[in-house]
Amino acid sequence: MLIVLSPAKTLDYSVDAKSNHTAPQFLSQSSKLIKNLKEKEPKEIASLMGLSDKLASLNFDRYQSWKASKTVSSDAKPSMLVFKGDVYQGLEAENFNAKQIKFAQKHLRILSGLYGILRPMDVMRPYRLEMGTKLQTSRGKNLYEFWRQKITSFLNSELEEEELFVNLASTEYFSSVDQKVLKTPIIAPQFKDFKNGKHKIISFYAKRARGLMARWIIENNIKDFEKLSKFNSDGYYFSKSESSASEPVFLRD
């Protein structure tokens, strides 16, 4: 079983780094992207990423000081703990025990514009580089073209035929995966909340629910679809009538 999540823009490096950290798989590729980004002035970064001048200057400084870190330091800590935001509020990884961290390390993957794929305990340095960025590289006109083959190949190397593969990432990030060549069918849960007389996807709640489901899978050692459909955190319940084999729907009243 494998779960994929998107990263978050909000980072917190005050977290306890814990033990058993690991190094990202594609640091040499990340270094190529950083080399490209180091050549850009703050105004170019602002234009490329749609950032304010303040955020562009912050990320200019981040790129200039970035190193391919493999060990923990004050500004290199495990990705699952550093990422904050709606999804990670639901995940609450800082409260995982050692057994849950071990399960997450084996079964959870975070897609990243800079790192490609991160395991939960892979150390990462502060950065901002969304997967949808149209950054020209030797592999093409955007990060999808830079990463797609490597990300897909890596996921396939970890998956068995017909293994449960749960996509809890956003469309922006999961578009970096070549779905046609994956070894196993993709299960993409949808989360809907009741508002104005009907159930609908509400972005904030749906993002948080992705984290809640990832946490629930990790806590309960879920490895098949039948058990996945029993997800019931924070008032969500499975709707058989609205679901399909590839897109289970969970409602909350």
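Which residue stands opposite valine 249 in S10? Select serine 239, which takes that place across from valine 249, and keep both residues displayed while the tour begins. The model is a predicted one, in which local features need pLDDT of at least 70 and side-chain atom pairs count only at pLDDT 80 or more, whereas totals for chains, interfaces and linings use all residues. Residues are numbered from 1 along each chain as its sequence is written, and side-chain values use heavy atoms, with hydrogens and water left out.

**Strand S10 and its partners**

Select residues 249–252, strand S10, where Val249 and Leu251 point one way, Phe250 and Arg252 point the other way, and all are buried; buried means under 20% relative accessible area, exposed over 50%, and partly exposed in between, with a 1.4 Å probe and protein chains only. In a regular strand the side chains alternate between the two faces of the sheet. Helices (H or I, at least four residues) and strands (E, at least two) are DSSP runs numbered from the N terminus, and two strands pair if DSSP finds at least two bridges between them. Add strand S9 (residues 237–239), which pairs with S10 in the antiparallel sense over three bridges, and then strand S7 (residues 190–195), whose pairing with S10 is parallel and runs over four bridges. On the S7 side, glutamine 190 has valine 249 as its bridge partner.

**The four-stranded sheet**

Move next to the open sheet of four strands, ordered S4-S3-S1-S6 with mixed pairing. Strand S4 (116–118) and strand S6 (165–168) are at the edges with a single partner strand each, so one side of each has no neighbour in the sheet. Neighbouring strands here are turned by 25 degrees against each other on average, direction ignored; axes are lines fitted to C-alpha atoms, for helices over the stretch in contact, and angles run from 0 to 180 degrees between N-to-C directions. Strand S1 (residues 2–5) pairs with S6 in the parallel sense over four bridges, and valine 4 has asparagine 167 as its bridge partner in S6.

Now show helix H7 (residues 143–158), which lies across S1, strand S3 (108–112), S4 and S6 at about 40 degrees to S4, and helix H9 (residues 203–220), which lies across S1, S3 and S6 at about 155 degrees to S1.

Select phenylalanine 165 and, leaving aside neighbours within four places in sequence, look for its contacts, among them Leu2, Val4, Leu155 and Ile187, where contact means heavy atoms within 4.5 Å.

**Salt bridges**

A search of the whole structure finds 13 salt bridges, each a side-chain nitrogen of Lys or Arg within 4 Å of a carboxyl oxygen of Asp or Glu. Begin with arginine 125 and aspartate 75, whose closest N and O atoms are 3.2 Å apart. Arginine 125 counts as buried at 8% relative accessibility, whereas aspartate 75, at 26%, counts as partly exposed.

Finish with arginine 208 and aspartate 234, whose side chains meet in a salt bridge of 2.8 Å, N to O. Arginine 208 lies in helix H9 and aspartate 234 in the loop between helix H10 (225–228) and S9, so the pair ties together parts 26 residues apart in sequence. Salt bridges that share partners join Asp193, Arg208, Asp234 and Arg252 into one network.
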